[in-house]
Every structure is written in structure tokens, then in C-alpha cells.
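This report describes the fold, the burial and the cysteines of one protein. The sequence and the structure come next.

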Amino acid sequence: MYYLEWNENSIKGLDGYDGCVVLFTEVSETGVVQKELGFDGQGNECYRFPSKTNKRGIFDNQFVDVTQLQSDLSKELFVEMWNKASL
């Protein structure tokens, strides 16, 4: 798995997703985004997929090229953020 950080420079219109300024994703070795977790400018969780409220993800039906990919954060940090998330 790869754990990636995205922002407005990498995803145009990211703030259109409930005010997200940063998005963290868990990506499989085949490039499928498994989980998405977004935070607003104050560091509050504002977006999560999969969740009970979001039927589709930002990366829904898209693949990430993993040929030379490296994680931006550790699995442990991502899991910690995911488990603390309330959405």
C-alpha cells in the first residue's frame, strides 16, 4: 500500500469537496484508491470515503500510476487518522 498526500496543486477544485485543503489516500499496489480522508484549513476532518454519507470517492473509478510511487506518510499515521475520523 501507498499513503499519499494531495492538495489544491495536485487536485484542482479540491476545496469543492466539503472545503478540503488536503486529502490523504490509501492506494493499493495496483493503483486503486482504497480510502480517502480530507481535512479543511483548520485541520478538521471534512471528507471521508468510504463512509455512510459519501456514495462516491474523489478518485472513484480512477487509477494512480504506481510505477515510481513512494508514500508521503506512514501506514501507522494514516491508520491513526482514519481511526480517529468521525465521519
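Why is there no bond between the sulfur of Cys20 and the closest cysteine sulfur? The closest one belongs to Cys46 and lies 3.3 Å away, too far for a bond, since a disulfide is a pair of cysteine sulfur atoms within 2.5 Å. A search of the whole structure accordingly gives 0 disulfides.

The structure is a predicted model, in which local features need pLDDT of at least 70, side-chain atom pairs count only at pLDDT 80 or more, and totals for chains, interfaces and linings use all residues. Residues are numbered from 1 along each chain as its sequence is written, and side-chain values use heavy atoms, with hydrogens and water left out.

Both cysteines are buried (under 20% relative accessible area, 1.4 Å probe, protein chains only).

| Residue | Relative accessibility | Class |
|---|---|---|
| Cys20 | 1% | buried |
| Cys46 | 12% | buried |

Of the 87 residues in the protein, 44% are buried.

The protein has 1 helix and 4 strands, in the order β-β-β-β-α along the sequence; these are DSSP runs, helices being H or I of at least four residues and strands E of at least two. Its radius of gyration, taken over C-alpha atoms, is 12 Å, close to the 12 Å of the globule rule for 87 residues, so the protein is as compact as a globular protein of that length. That rule is 2.2 Å times the number of residues to the power 0.38. Along the principal axes, the C-alpha atoms fill a box of roughly 30 × 25 × 25 Å.

Methods:
Buried means under 20% relative accessible area, exposed over 50%, partly exposed in between (1.4 Å probe, protein chains only).
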